[in-house]
Structures are given as structure tokens and as C-alpha cells.
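Me: I would like a close look at a single part of this model, taken slowly and set against the rest of the chain. Please choose one element, follow it along its length, and then say how its surroundings are built.

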Amino acid sequence: MSRPPLGSALHIGSLSIPWYSLLMMTAVALGLLLSTREEKRLRLPKDTVLDFALAAVPLGIVCARLYYVAFSWGSFKDDPVEILRVWHGGLAIYGAVIGGLLAAVLVTRGNKTRFLTLADVCAPSLALGQAIGRWGNYANMEAYGARVNDAWAQFFPLAVE
């Protein structure tokens, strides 16, 4: 499989930022921007989305890691400290969504906003974040199907390299 044209990380002097991390941060920032616009459009109380993001981002990361660890326990059972080394990789979107849902429940109970209203505000951001996250998967060369070797099946959208 070919490597992404930009390499695996952005290098600025001695600083090296993995593309996956950069894209995840971009997804969070754009999601926050998009949700804040929706918050204003729907005339929700100011900072509802910010309060949600402050709970959802950390909970999402923790739950994404826990979900990954739960389904990859064989890789962690001999060295449980490795669970804490998130920078070694291993997050799962399903866990992040569960963490976001927990954060939404906590925030909506705390500020008396309807859960479904907050879900409506944030759903487009979740979809955008998932799309941006797929570019991160590409940069990591992960989360794609097997190579298609049969010439008859090598056409878009079935097989693209």
C-alpha cells in the first residue's frame, strides 16, 4: 500500500506532530465552531456547546481508549501500564461516541437543556469529525480494506489506491 504523500507527521523544527493528532485537533476545533453556530441559531443558552465540549473531549478520549483496550486486552494484559500510553495509539470511535453521549447527559441535566436538542446541535459536528478522522486513518495507513488484486474489480468506488 502506498504511503501518504506528506509522511506520517508534520515537522516544525524539532517538534513533530503526527498527522492523525493534528487532524483530530482540527476535527474538534471545526466541530466546536459548527456547533457554536448552531447554538446561536437555535438560541440555546450561551456556552452550552462549550460546556459540552469541556466534558465531551476528555470523556471521549478516555472512553475511546477504554473501548479499544477492552477489545484488545491481549495486547495489554502483560503490561497494564501500557493502557495509559495513549500516544502509542489505540483509540476507538465507538468509545468516543459513548463518552460524548455520557457528557451530553451530564451537561443537559446540569443546565436544563433537552438532550435531543443538544444532540441535534452536535450531530453534524460528529459526522464532520468522523470524515476528518478518516483522513487521520489514511495518514496512519490503517482502517482500510484488503488489497484488491483481481483486475476486474479494480474500479471506483470498489477499489481505489
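Reply: What follows is a close reading of helix α4, with the rest of the chain brought in where it helps. The model is predicted, and the values below are computed from its atoms.

The setting comes first. The protein chain has four helices and two strands, arranged along the sequence in the pattern β-β-α-α-α-α. Its C-alpha trace spans about 55 × 45 × 40 Å along the principal axes. Of the 161 residues in the protein chain, 30% are buried, and the surface that the chain exposes comes to about 11,000 Å², with carbon and sulfur atoms supplying 66% of it. Among contacts between residues at least 6 apart in sequence, 63% join residues at least 24 apart.

Helix α4 itself covers residues 115-140, and its axis bends by about 40° at C122, with a proline, P124, following within four residues. Just after the helix comes M141, whose phi is positive, near 55°. In general, most residues other than glycine have a negative phi.

The buried residues of α4 are T117, L118, V121, C122, S125, G129, I132, G133, G136, N137 and A139. C122, where the helix bends, is therefore also one of the buried positions, being listed among those under the 20% limit of relative accessible area. As a general point, an α-helix has 3.6 residues a turn, so residues three or four places apart point the same way. The cover over the buried residues of α4 includes α1 (19-41), α2 (48-70) and α3 (93-111).

Two residues give this cover a more local form. I132, in helix α4, counts as buried because its relative accessibility is 12%, which is under the 20% limit. Leaving out residues up to four places away in sequence, I132 touches L23, M24, A27 and L30, and these four contacts fall within the residue range of α1, 19-41. A separation in the other direction is given by V62, which is 70 residues from I132 in sequence and 20 Å from it in space, C-alpha to C-alpha. The second residue is T48, placed in helix α2, which is buried because its relative accessible area is only 1%, against a limit of 20%. With residues up to four places away in sequence set aside, T48 touches E39, V107, N111, T113 and L118, and L118 is itself one of the buried residues of α4.

Helix α4 also has a part in the largest pocket, which has a volume of about 1,600 Å³. The elements that give two or more residues to the lining of this pocket are α1, α2, α3 and α4, and α4 gives the most, with 13 residues. In total the pocket is lined by 47 residues, of which M24, V28, I93, A96 and L126 lie nearest its centre. M24 thus appears twice in this account, once among the residues nearest the pocket centre and once as a contact of I132. By kind, the lining divides into 31 nonpolar, 14 polar and two charged residues.

The loop between α1 and α2 offers a contrast in exposure. R43 lies in that loop and has a phi near 55°, a positive value in a residue other than glycine; R43 counts as exposed because its relative accessibility is 74%, over the 50% limit. D47 is found in the loop between α1 and α2 as well, with a positive phi near 75°, but D47 is partly exposed because its relative accessible area of 33% lies between the two limits of 20% and 50%.

At the other end of the order of elements, A9 is placed in strand β1 (residues 9-12) and counts as buried because its relative accessibility, 11%, is under 20%. Leaving aside neighbours within four places in sequence, A9 is in contact with S16, I17, P18 and W19, and its C-alpha atom is separated by 8.0 Å from that of Y20, 11 residues away along the chain.

To return to the part you asked about, α4 is a helix with a bend of about 40° at C122, its buried residues are covered by elements that include α1, α2 and α3, and α4 gives the most residues to the lining of the largest pocket.

Methods. Residues are numbered from 1 along each chain as its sequence is written. This is a predicted model: local features need pLDDT of at least 70, side-chain atom pairs count only at pLDDT 80 or more; totals for chains, interfaces and linings use all residues. Side-chain values use heavy atoms; hydrogens and water are left out. The bend at a residue is the angle between axes fitted to the seven residues ending there and the seven starting there. Buried means under 20% relative accessible area, exposed over 50%, partly exposed in between (1.4 Å probe, protein chains only). Contact means heavy atoms within 4.5 Å. On a 1 Å grid over the protein atoms alone, a cavity is a set of points where a 1.4 Å probe fits but cannot get out, and a pocket is an open set with protein on both sides within 12 Å along at least five of seven lines; lining residues have an atom within 4 Å of a point. Grid points are joined across faces, edges and corners, and a volume is the space filled by probe spheres set on the points. Ala, Val, Leu, Ile, Met, Phe, Trp, Tyr, Cys and Pro count as nonpolar, Asp, Glu, Lys and Arg as charged, and the others, Gly among them, as polar. Accessible areas come from the Shrake-Rupley method with a 1.4 Å probe; for residues, only the protein chains shown count as cover.
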